[in-house]
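Student: I have a structure in front of me and would like to work through one of its helices step by step. Could you help me read it?

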Amino acid sequence: MKKALILLILTFSLPALSQTKDPNVVLNSLKSKYSGIKDYTVDARILVDVAFLKMAEKQARIYYKYPDKVHIETEGFALLPKRAASFDPASFIGSDFTAVYIRNEKWGNTVVDVIKTIPHDPESDVILNTFWIDPVKKQILQFEINSKSGGAFQVVFEYNNQPFDLPQRLTVNFDIKDMNMPKTATGEINVSDKKKGAAKTNKGKVTITYSNYKVNTGLDDKLFSEKKKGK
Amino acid sequence: MVKLILIELKKVFGRKRSYIGFLVIFVLVSILQAAMWVEGQTFIDMFTQNLQDTFVLEGNLMNGYFISFMLMNSLWVLLPFLVTFVAGDSIAGEAHAGTLRLILTRPVSRVSLITAKYIASVTYTFLIVLFLMILSLGISSLVFGTGDLIVFSKTLNIFPEKEVLPKFLGAFGFAFLGMTLVTTLAFFFSVLTNNSIGPIVSTMAIVLSFTIITNLNLEAFHVIRKLLFTSYINSWTLFFDYTIDWRQIYLSIFVSLMHIAVLFAATLWIFKRKDILS
């Protein structure tokens, strides 16, 4: 219902938005740019910044294979944002959606296209995606998700001459519900108990810095079937 | 002196009831380890539910370190009961049995005798804490493996594996100090009476009532709480805060040592002047 409403609003506001570009052309140009990537391996440094969670920066090795296989190896425990565990433009953009060109706007010294997509899958948690795309370099600079489950999810991409123009850093901003930890588990039974009630929503941030990309090395499917991890 | 200590240790470990503490720890740790084997992952999942909505969680948090932390948390309240058995019985037990007067007829100074008994009681406390550490940390690590430690403290803390062992050593070290304080208190009461039930009950009454006041979050107890040793002997948990409050740990060590020194000095003073009639 929400999706239909958004689609309706976007469709009727198209003239006002003075659509000048075909959004599908922009999105497909992005997809085709990265279509040469069949697989890659990359080292990642993951820094999680969530108010109720304290952990050191973690190292991980991420294996990706087209179209959607991801395998993560870490020393110890690590957290990766579900929707951005690996860089995969085809997965970010999706395949079955309605795209609407919204506007172009200044992004630093460049002019970027702002495109919204509405997935057709009624089961999808995503209501609306918004992309900020550099049409010249064919790079996603920012990506936002509005979901049924609520809460914002935003990914900011930074590039720095990595192989196949893959990103060097992803900064993921999101909303996350606060934790109410039972005192029996904390051993902190003398801690103030004034903050009872519904869990608050906090802002969280994860910064993933990539290095040492190895692209198209012919990763074996077995690697992903050992311990299958979806996104 | 060494001979005296060895004699006292022989007495302590010659009594069957001295093994109750070890047996209780063994049984409880085994039960809790079995429970964690079955439900440990569910327990972790329950606390990481929020994270699972947003993140891919990679790695194993259900490991020996986590179980050891949970065991330490659960059994901490029980330790004072276990250590008072021996310390409370140390002098009062002999007075009740009528052997104290007999011992003092031998050419042994009262200071030497009381010191030897005290060292034997503290050694027993050390062995109880060590036994808990070996079972909870050692056996759990062997059975469940090691890894990063997740701790549900003021925040959800995840410590890298390499940082965990020093934290446990610090925590168990402090736990020994805290239990030594309880031992010293029981030892102090042991010199005041002629039956071992009195010191054990008195020590537990004090530990429990102080713990209740310490944990009641009432403004009225704000000042009193700072004066009670129970506010300090739980400081082993500080080793699992993300940023360790060393100032509070040093303060807790100082307060515990002061209590131990004062209580032992008082025990010596009373025992030196006491008429041994039994």
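**Two sides of a helix**

Student: Which exposed residues does the face of α10(B) turned away from its buried side carry?

Tutor: Keep in mind that this is a predicted model. On α10(B), the face that points away from the buried side holds exposed residues, and these are A205(B), S209(B) and I212(B).

Student: Why do the buried residues of α10(B) count as lying on the same side?

Tutor: The buried residues in this helix are P199(B), I200(B), T203(B), V207(B) and T214(B). They are placed on the same side of α10(B) because around the axis they cover an arc of only 100 degrees.

Student: Which helices of chain B do the buried residues of α10(B) pack against?

Tutor: Packing is judged here by contacts, with C-beta atoms within 7 Å. By that test, the partners of the buried residues of α10(B) are α5, α6, α9, α11 and α12 of chain B.

Student: What should helix α10 of chain B span, and how far apart are its end C-alpha atoms?

Tutor: The helix runs over residues 197-215, which is 19 residues, and at 1.5 Å a residue the expected span is 27 Å. The C-alpha atoms at its ends agree with that expectation, being apart by 27 Å.

Student: Is V223(B) buried or exposed?

Tutor: V223(B) sits in helix α11 of chain B. A residue counts as exposed if 12 or fewer other C-beta atoms lie within 10 Å of its own. Since V223(B) has 8 such atoms within 10 Å, V223(B) is exposed.

Definitions and conventions:
Residues numbered from 1 in each chain as written. Chains lettered and ligands numbered in written order. Predicted model: local features only at pLDDT ≥ 70, side-chain atom pairs only at ≥ 80, totals over all residues. Helix = DSSP H or I, 4+ residues; strand = E, 2+ residues; numbered from the N terminus. Expected span 1.5 Å × (residues − 1). Buried ≥ 20, exposed ≤ 12 C-beta atoms within 10 Å, placed from the backbone. Arc of directions from axis to C-beta. Contact = placed C-beta atoms within 7 Å.
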